[in-house]
Amino acid sequence: MKEQYTNSGPITADVDFDKSNVRGKTAFITGGANGIGEAYTRQLVKNGAFVLIADLDQECGTALEKELSGSVKFVKTNVTQWADQLAAFKQALASSPSGRVDIVVANAGISAADSVFLNDVEQDEPDEPRLDISKINLDGVLYTTKLALFYFRKQNAANKGPPLDQVLVLQGSLAGYLDLPGAVQYAASKYALRGMFKCLRRTELQHNIRVNFIGPWFIATKILSKDVKAALTSQNVEFATVDDAAVALLKIVSNQDVIGRALAIVPRSIAPSGYLDIAIDDYDENTLLGKLQAGVTGATHRATTFDNLHLNAKTDSYRDRRFFADFNSSRPLSPDRLTTQYTNSQIKWLGLYRQVIHIKLALTAMLLRCGNRRSVLRLPVADVTPTSYLKQLQADNQLDSHPVRESDPDQDITEANSSQSLQAMESRGPSQPPPADPDIHNPLHEPQNIFQLDQASQQQFVGESTCTAFGDRLLQCIHPQGTPASMPSGYRYVQNSAFARQLGTPAACKLPDRIRSNLLVRVATRFIGQDYHFFLQEDFLQQLDAAYNSRDMQDCDPVWACKFFVVLALGELYSTTTPTIPPHQTDSQSVPGTDYFLSAVNLLQDQFEEPTTANIETMLLFCFYSNALGRVKSAHMYSGIALRLSTSLGLHRSIDKCVSLTPVEREHRIRLWWTVYIFDRSTSSKLGQPLSIHDNDIEVELPSWETLASDARQKFSSPEHLLANIELSRITGSIMRDIYGLSSKDSHGSFVHNVRSILKKLKKWDANVAPSLRLSQGAAHRPVASLQLHFNQCIILTTRPILLHVLKTKNPFASAAVSPGESGTPPISDTARMLADSCISAARTSNSIVSQLYIENALATYGYFDAHHLFSSTLILIISAIISPNSSDSDAVQTSFYLLKTMRDNGNMAASQYYSRLAHIQWTVGRLRTRVTAKETNVANTTESNQAITTPVSFPGPPLLDTTEFENDDWSNFLVPSTAVENYDWTGLGNICVDPLDNPLLQTFLDHTDTSWDDSLGLSNEDRSYVP
């Protein structure tokens, strides 16, 4: 692609073009739900693109999304609202199969009676005109353009592969070229878009962005009222068509040579193809406008080039003077003259020159503040254009052959001690560092109390890097006997109830029946109390009794009341007495406990300046319940707030014995911290987000009973379960860093080594876990089942990139396209086979655990984690069934579908999402199987069949979720013919494994350090980009 716009002449509309360039791209279209925008959407989807429609017409947009399911995403958007467009564009990026947006069409626009033009002179004064036309047609397009330029440039900067082809199309009108009496705003807006197009086509090529313009003639869409259509028809005006406009757009986005062109959509009587290149937006260089355009282009080109070097137009006065000198000269300055006036090296030194000026100014100011006027630094005086100074600067420093010397005489400070220091440095030579002093130790690492009391006498953490802590160190250094070990923080801030953002008060909340409250609390603590530590249950129940004894919430602590209602919500969520709701009515109100949770939301406070452990407990409970609402991002945010509050209180640090805390309070803080830690790893891994804190920043002890008296132990559960969860969470952190983290992409062959290291940790965890936490062949104890599901998920996360590698290597749908006599797919190494088998074994175990929970009526019907584990394991089992068809995995997949459907129909938000995703996968696999079967049975037409198989195809999405066709579809129709994988012998299929890592070959792999194991795998970075 060219880096600078030049007039390449009009494009030929009647020449056919390659439409395949659109396949796989993502388009963002405003106003794409009807009219011309709808035609654009259909044309792009027809040619293999994914389209996000940003439109206010929800009815048409939703209908189009359903009709073109899987290829279109509709987001209700008011284009005049920046927040709406920003959210829609982010959704486009999130929904894009490629993770980026390639095409942006600013199409939204309206036409109506113009209140600027229409006036009633009988009134005393004019009414304020409505500017809706301008806001939509111009302001909305400016918003769209801003988003396109920002994300296009961002994508281009991050791109490491072949140059991107990014296209911005501004939907204008021939009203931007023609007089349109009576339509002041409409014509003004379309002329403005034409101006935008002509500006941007010259500046954006350097970012691999093509900018083009479409100007339709009258087209019979909703933008024209019935009266206008009738009037035009009566005048024998011929309309253009939306289909021709769509083809014109396809021409623009398909052909990378279409740059800076304006296409008119006209009737077929004018152009046989229905569109043509207007070709009047470039001027002959010999005309007045051509000369003026050359002058403007030269100056603008120079400005945009300097902008890329981060020079500020407001401070570089030479730029403005140069612009006007060139513009007023008899010969307009062409862009080529920029390189003759300032060479690349001079441009670079221009930046250095400005930095030298800034540094000297700063040093001079410092010397003046110190009263040293003798050492004021001399500043060189440059001429109007700093060319002469640049040349001198290059000569002085011998730019092309010598480095800059550190002892420039012009920059020496004249003080005697400074000169001596410089001489001492020079005497050591330029490459000799000052000698190291092994006796210097960091005094900040010496013992020091890192906790202080706040205004509410609560312990607050003071980090070593704070100036407050350094000030305390200073006092203890100069007067150790007179400085107390723990000083009041002296922390002051403005206090106002509005900062808490609390919407309601406890007095406005109605307590449920006492018996029901107690039962719900017990259900909640039974279900999640062993997995995590949320609060001291005995203290919580005492406050519960106090609240009911007072029979009034008036005097109740708002923080406790907030926490109480979340616990009630969790209790109702996990209560088995909740009635089943009708199918497909899965909204937020259908999730049990929502009303209690909303009461808690009204009581939630922002207490960030002086947090307490109660605030952390509340955030953790909010995190847990938000998952059940399907608000997994909110859960991640609440988890993050809990972690920030915890570090503010120093929960991640060891507590000195001198801090006045009882053993129960200490153990509570410890266990609360590690629960926060578990939640951070859990929410981060499920959203593919980076970890919020690293293990080397944590020094707090692990949960224990050793320091507690027998009566104090009654306040806590056994630490074994929590310890096991902590270790699995640590391993999850390693997985996120070494398997999915950005640093793992540049691992240079260490991927399998990382897999081995993580599996060794998991094997050690499995060997050392307490017998009471092991899963037996019989009943699935609920807390133990949750722990085992966590363990299996760690195995799946670690090994599923390798399973994906095996699928790519032995893809039956690809291998079925190989003609007889051709070489088959490469063999799979023993390493890959063994690691993939471990992944499948873990998935089978998880699947069987969830099934057993359902049988024992212990399945969390509305819970997020059971649905997530079921979804994760089923993805693996589908791959297993594709690679090597077997009845065991097929049955397990069907069981998963049934369980997810049951959970979905009861109102489980996560299950609804996972069910539809699995359905889409199975739908696609089933259609591919049909094609493979047809190919095997149609030997006579081998050539055509091979061509059909190897050509990328896109199937229509699965039936809509609320249709009978969806419910009655045979989801078992996804297994591939056995002949497609006849050379692939996978042992151990159909067996349910209790220990996925109990494999002698795997143990040999874990004990082995020979890199030949790793080299035989042949994984690429693409195989490892499987996000959790």
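Two strands count as paired if DSSP finds at least two bridges between them; strands themselves (E, at least two residues) and helices (H or I, at least four) are DSSP runs, numbered from the N terminus. This is a predicted model, where local features need pLDDT of at least 70, side-chain atom pairs count only at pLDDT 80 or more, and totals for chains, interfaces and linings use all residues. Residues are numbered from 1 along each chain as its sequence is written, and side-chain values use heavy atoms, with hydrogens and water left out.

**The sheet**
- Eight strands make an open sheet with mixed pairing, ordered 3-2-1-4-5-6-7-8.
- Strand 3 (72–76) and strand 8 (275–277) sit at the edges with a single partner strand each, so one side of each has no neighbour in the sheet.
- Strand 7 (residues 262–265) runs antiparallel to strand 8, and three bridges join them.
- Over in strand 8, tyrosine 275 stands opposite isoleucine 265.

**Helix 21**
- Helix 21 (residues 663–687) has 25 residues, 22 of them buried (under 20% relative accessible area, 1.4 Å probe, protein chains only), so the rest of the structure largely encloses it.
- Right after helix 21 comes glycine 688, with a positive phi near 65°.

**The cores**
- The largest nonpolar core (buried Ala, Val, Leu, Ile, Met, Phe, Trp, Tyr and Cys joined through side-chain atoms within 4.5 Å) has 141 residues, and Trp673 and Leu762 make the most contacts inside it.
- Helix 25 (residues 782–809) gives this core its largest share, 13 residues.
- Tryptophan 673 touches (heavy atoms within 4.5 Å) residues including Leu643, His652 and Val700, not counting those up to four places away in sequence.
- Another core, of 37 residues, lies apart from the largest one, and Ile29, Tyr40, Ala248 and Ile265 are among its members.

How values were computed:
Buried means under 20% relative accessible area, exposed over 50%, partly exposed in between (1.4 Å probe, protein chains only).
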